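Work through the exercises below with the sequence and the model side by side. Try each task before reading its solution.

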Amino acid sequence: MYEDGIACLWMRGGTSKGAYFLAEHLPADQHERDALLLRIMGSPDPRQIDGIGGADPLTSKVAVLSSSSRDDADVDYLFLQVFVDQALVSDAQGCGNILAGVGPAAIERGLVAAQGDLTEVRIHMVNSGEVAVAKIATPGGRVSYAGDAEIAGVPGRHAAVPLLFQNIAGSMCGALLPTGNEMDAIDGVDATLIDNGMPCVVMRAADFGLSGTETRQEIEANEALKLRIEAIRLKAGPMMNLGDVTTASVPKMTLVSAAQNGGAISTRSFIPHRVHASVGVLAAITVATATGLASSPAAEMVASPTDGRYLIEHPTGAMEVFLDTDAGGQIKAAGTVRTARKLFDGRVFPASAG
């Protein structure tokens, strides 16, 4: 059926890479679609050798785009995480990094018309039901990926993609604090169960015998640590109204410690079984939000900014996010600046079924 291939835009979005498809080019049936995406990415296989996936959760992602189903948005964006070593495709979360490529991709694919030198794209994030606004450089009516913006974890400079989020509290859990508590204890570990765009379990790195400065590789090699964190994650899922999360990619488990390089706080994030090379956009926003909760482990070690801009440190640098609060301290909006780049535009050829 797909002998002639499928139109595919392969892009870097933030610190992730993924395949961007138009929904009309994929099967309408979810099971058929997921089976096709597994074959495209080459999963399940630790090397994804027979597909285009990069053998890492950060490079095995998919964005499905279509004209918006609602009046307050320009494009619908469904994010799908294609697991590397499992035959599993999950829509249980969004992705703020892949989101950075949605605006450019929507313009490239004709879903949104460029408007002058800077085009505002309103993106309906189907996974959570919220709308994000991205601003895309379009000089001369075409997407430009060239610019001076730098983000940690990505070499070089590229066009800035500012992202603004509103009304994201409780995006998947129904409330910012789904248990109603700023802090809960799970298996004797203090944890803040919080969702300001991404369900996260925020815990002290020190409670796991870590300094918080360990490399991704050092944490990956600690099997006992990973098993302990996974046990906590499985208990946190029902507490966060997420149900059984055995096969889900949320909540994100995030270990926090004092910043080492002038930032607000340092993180080591699990996604959920591998250690993130940096930190997800919405996870960074959620961690920044947790620092404002007096009982949260994050509040103990934060160096709070005075202008609402938080540098969230991670294994390969830091991500800046901002929180816009009202006079009562309630968060009105949150945002960050990412970059994106088109890597190739063509057709992808999935392995044959069976």
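Two strands pair if DSSP finds at least two bridges between them. Strands (E, at least two residues) and helices (H or I, at least four) are DSSP runs, numbered from the N terminus. The model is predicted: local features need pLDDT of at least 70, side-chain atom pairs count only at pLDDT 80 or more, and totals for chains, interfaces and linings use all residues. Residues are numbered from 1 along each chain as its sequence is written, and side-chain values use heavy atoms, with hydrogens and water left out.

**Exercise 1. Find the strands that pair with β4, and state the sense of each pairing.**

Step 1. Locate β4 at residues 75-82.

Step 2. Take β6, residues 118-125. It pairs with β4 in the parallel sense over 3 bridges. Here V75 stands opposite I123.

Step 3. Take β3, residues 61-67. Its pairing with β4 is antiparallel, over 7 bridges. In this pair, D76 of β4 is the bridge partner of S66.

Step 4. Take β5, residues 89-90. It runs antiparallel to β4, joined by 2 bridges. Q81 stands opposite S90 in β5. A hairpin of 6 residues leads from β4 to β5.

**Exercise 2. Decide whether the two faces of β4 are buried or exposed.**

Step 1. Set the cut-offs. Buried means under 20% relative accessible area, exposed over 50%, and partly exposed in between (1.4 Å probe, protein chains only).

Step 2. Check one side: V75, Y77, F79 and Q81 are buried.

Step 3. Check the other: D76, L78, L80 and V82 are buried too. The count is 8 of 8 residues.

**Exercise 3. Describe the surroundings of N97.**

Step 1. Place N97 in helix α2, residues 96-99.

Step 2. Read its accessibility. The relative accessible area is 1%, so N97 is buried.

Step 3. List its contacts (heavy atoms within 4.5 Å). Beyond neighbours within four places in sequence, N97 touches G13, G14, T15, S16, V279, G280, V281 and R338.

Step 4. Look for a polar contact: a pair of N or O atoms within 3.5 Å; within protein, one must be able to donate a hydrogen and the other to accept it, and residues adjacent in sequence count only if both atoms are side-chain atoms. The N97 side chain reaches the backbone nitrogen of T15 at 3.1 Å.

**Exercise 4. Examine three salt bridges and the exposure of their partners.**

Step 1. Apply the rule: a side-chain nitrogen of Lys or Arg lies within 4 Å of a carboxyl oxygen of Asp or Glu. The count comes to 18. Side chains of opposite charge can pair when their charged atoms come close.

Step 2. Take R33 and D34. Their closest N and O atoms are 2.9 Å apart. D34 is buried at 11%, and R33 is buried at 11%.

Step 3. Take R70 and D72, with closest N and O atoms 2.7 Å apart. R70 is partly exposed at 28%. D72 is partly exposed at 37%.

Step 4. Take K226 and E220, which meet at 3.7 Å, N to O. Both are buried. Shared partners join D56, R216, E220, E223, K226 and R274 into one salt-bridge network.

**Exercise 5. Test the span of α5 and find what covers its buried residues.**

Step 1. Compute the expected span: 1.5 Å times one less than the number of residues. For the 17 residues of α5 (223-239), this gives 24 Å.

Step 2. Compare. The end C-alpha atoms are 25 Å apart, which agrees.

Step 3. Pick out buried residues, including L225, I229 and I232. Among the covering elements are β10 (189-195), α4 (216-220) and β12 (252-257).

Step 4. Look just past the helix. N241 follows α5, with a positive phi near 65°.
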